[in-house]
Amino acid sequence: MKKVYIRTFGCQMNEKDSEVVLSLLQPDFVLTEEPESADLILINTCSVREKPQHKLYSEIGRFKELKKKRPDLLIGVMGCVAQQEGERIVEKYPYVDLVLGTQAFYQIKSAIERRLREGKPVVLTELKPDFKPPLVLGSSKPKRVKAFVNIMQGCDNFCTYCIVPYVRGREVSRPPEDILREVEYLVKEEGVKEVTLLGQNVNSYGLKEKSYGDFASLLEKVSQIDGLLRIRFTTSHPKDLTERLMRIIAENPKVCKHIHLPLQAGSNRILKLMNRKYTREEYIAKVERLRELCPEIAITSDIIVGFPGETEDDFLQTIDMLEKVRFHEIFSFKYSDRPFAVAKNFKDKVPEEIKEERLKRVHEAQAKITAEIYQSYVGKEVEVLVEGRSERDENQLTGRTTTNVIVNFTAPRLDLEGKLVMVLIESAGKHSLKGRYVRASF
Ligand code: 5AD
Ligand code: SF4
C-alpha cells in the first residue's frame, strides 16, 4: 500500500478539502505522519493573507531534498496558492509534480495517472462558474466525534481586501440531498456527533438555487438526523443574517449557541471601502436582536487592522465596537495586499509599524474582554460534548461548550468520548476553562 503525507494550511475549508482528497485516494493510499516515508506529499495551501502564502515556499523547499533522494516521490500543491500561481509553481519548483486548483483537486487520481504516464508535471487550475462538487463519502478517519461538511463553494461578495472570490470561484450551493446524505453517512458510519457546515458565507446558502431552500431550512433538515447531537456553521456574513435564521439558532436545540460573525472594522467609512455592505449601526442592531432571542449566544469575529486609509479615529471605532459588542473571542489580522483584490490599488497604505501597534492594541482590548467573559463561566454548570482525552493531561477529558469554549475537566471515568456531559466550571484560563464532571446530560 502506498503512503500519502498531507500538510494543510489555512482555514477549515482547507482541512475539509484535505479530508476529501484522502477519501478520493482510498484504497490505494494510507495516511502517514512522516514525509520521509511517503510516496505522495501534498501541500494544501492558503493565500487569504500574505503570511500563510509564505509558508508554502518554505515547505516546498523542505521536500526538495527528499525528492533528490527518492525520484519516485510525487509532490503536489493544492489549495488557493495552487489556484493563484498555477504554472508559475512548476516553473519555480520543477520538482513539483502536481498543481491542483480549488476545483481540480477532485481529479487527483486521474492527475496522478497522467503524471506517471506523461512524465511531466500536471497543472489543473480551471475554475468553472457552475462547478458542482461531487459527493464524496468515506474517509481515512473512521471514528470521530466531529466532522466538517461543505455546503457551498466560492464567494460572490468581493470584499475589496479579499482574494477568495478569485481563487475559489463563484458561489455555488450544494444540493440539500447531497448534504443530508453526507451528514447521515458521517453519523451512521463514522460515529460523528457534531457537524460544522462550511461555506464562505453560509447565510447566503441557496439564494441563487431557489429550489434548495435557504440556510435556515437546511439547518432544520440537518437537525432532524437521528444520532446527530450538535450542529455548528461558519462563516456568516452579517449582511445576510436574517430574523428567520436568528430564530432557528435560538430555538433549535441541536444548533450550537455560537456564531462567527466577522465585523472586520468598526468605522463606517472603512466598512464602505471594504465593500462589506453593512454599517456599524446595522451590525449592532443584528447583535442586539440575536441576543434578545438567544441571550446565551457567543459571538466571535474577525478584525482587520490597517486597511488602506484607516486613521487613528477609524481604528478607535474598531476598539469601540469590541467594547460595545463584547465578542467571546476574535481573530485579528494586519491588512496585507492580495493579488487581484481591489484594495491592492488603494492609496494611503498604513505603515507596517502602525499596523503592528494597532494589532497589539486590539489584542489587549480583546484579551481583557475574553478574560471577563471566561471568568463569568466559573461556578456554572455547562454542557460539554466530550471529544476525548485532554492534550495536556491524559487523565483529563476535553470538549467544548455549545458556545464553542474549550473545557478540560476531570471525570470519574474516561470513556465518555462522544457523550454530552454536564461540567462544573472551577477556573478560567486565557483560552480554555477547567472544571469537573457532574453528570451525564440528556
Ligand atoms: N489582509 C488581512 N486580513 C485578511 N483577511 C482576508 N483578507 C485579508 C487581507 N487581505 C481576513 C479577514 C477574513 C479572514 C478569513 O481573513 O478578516 O475574515
Ligand atoms: Fe472574502 Fe468577503 Fe467572501 Fe469572506 S465574504 S470570503 S471576506 S470576499
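The following exercises, each with a worked solution, concern a predicted model.

**Exercise 1. The open sheet**

Determine the strand order of the open sheet of three strands, and explain which strands stand at its edges.

Solution.
Step 1. The strands of this open sheet follow the order E12-E13-E14, and their pairing is parallel.
Step 2. Strand E12 (258-260) and strand E14 (329-334) each have a single partner strand, so one side of each lacks a neighbour in the sheet, and these two strands stand at the edges.
Step 3. Direction ignored, neighbouring strands of this sheet are turned against each other by 15 degrees on average.
Step 4. Three bridges link E12 with strand E13 (residues 298-305), and the two pair in the parallel sense. Within this pairing, His258 stands opposite Ala298 in E13.
Step 5. Helix H11 (residues 280-293) packs on the sheet, where the helix touches E12 and E13. The direction of H11 makes about 165 degrees with that of E13.
As background, the strands of a sheet pair through backbone hydrogen bonds, in either a parallel or an antiparallel manner.

**Exercise 2. The closed barrel**

State the order of the strands in the closed barrel, and describe how strand E18 is joined to strand E19.

Solution.
Step 1. The barrel is closed, has five strands and runs E15-E16-E17-E19-E18 with mixed pairing.
Step 2. From one strand to the next, the twist averages 50 degrees.
Step 3. Strand E18 (residues 420-428) and strand E19 (residues 432-440) run antiparallel and are joined by seven bridges. One residue pair illustrates this: Met422 has Arg439 in E19 as its bridge partner.

**Exercise 3. A pocket and a cavity**

Describe the lining of the second largest pocket, and then that of the second largest cavity.

Solution.
Step 1. The second largest pocket holds about 460 Å³ of space.
Step 2. Its lining consists of 15 residues; Ser390, Glu391, Thr398, Ile406 and Asn408 lie nearest the centre of the pocket.
Step 3. At least two lining residues come from each of strand E15 (381-389), strand E16 (397-401) and strand E17 (406-410). These three strands also belong to the closed barrel of Exercise 2.
Step 4. Sorted by class, the pocket lining comprises one nonpolar, seven polar and seven charged residues.
Step 5. Turning to cavities, the model contains three of 30 Å³ or more. The second largest cavity has a volume of about 70 Å³.
Step 6. Lys16, Val20, Tyr106, Pro133, Pro134, Leu135, Val136, Asn150, Arg174 and Glu182 line this cavity. By class they are six nonpolar, one polar and three charged.

**Exercise 4. The surroundings of ligand 2**

Identify the residues that surround ligand 2, and sort them by class.

Solution.
Step 1. The shell around ligand 2 is formed by Cys155, Asn157, Phe158, Cys159, Tyr161, Cys162, Val164, Pro165, Gln200, His237 and Arg276.
Step 2. This shell divides into seven nonpolar residues, three polar residues and one charged residue.

**Exercise 5. Backbone geometry in loops**

Locate the cis peptide bonds that end at Pro27 and Thr235, and the residue Asn275 with its positive phi.

Solution.
Step 1. From Gln26 to Pro27 the peptide bond is cis, and omega is near -5 degrees. Pro27 is placed in the loop between helix H1 (12-24) and strand E2 (29-31).
Step 2. The peptide bond from Thr234 to Thr235 is cis as well, with omega near 5 degrees. Thr235 belongs to the loop between strand E11 (230-234) and helix H9 (243-251).
Step 3. Asn275 has phi near 60 degrees, a positive value in a residue other than glycine. Asn275 is found in the loop between helix H10 (268-273) and H11, and H11 is the helix that packs on the sheet of Exercise 1.

How values were computed. Residues numbered from 1 in each chain as written. Chains lettered and ligands numbered in written order. Predicted model: local features only at pLDDT ≥ 70, side-chain atom pairs only at ≥ 80, totals over all residues. Heavy atoms only, no water. 1 Å grid on protein atoms, 1.4 Å probe; cavity = no way out; pocket = protein on both sides within 12 Å on 5 of 7 lines; lining within 4 Å. Points joined across faces, edges and corners; volume = space filled by probe spheres on them. Nonpolar A, V, L, I, M, F, W, Y, C, P; charged D, E, K, R; others polar. Helix = DSSP H or I, 4+ residues; strand = E, 2+ residues; numbered from the N terminus. Pairing = 2+ DSSP bridges. Axes fitted to C-alpha atoms, helices over the stretch in contact; angles between N-to-C directions. Contact = heavy atoms within 4.5 Å. Near = heavy atom within 4 Å.
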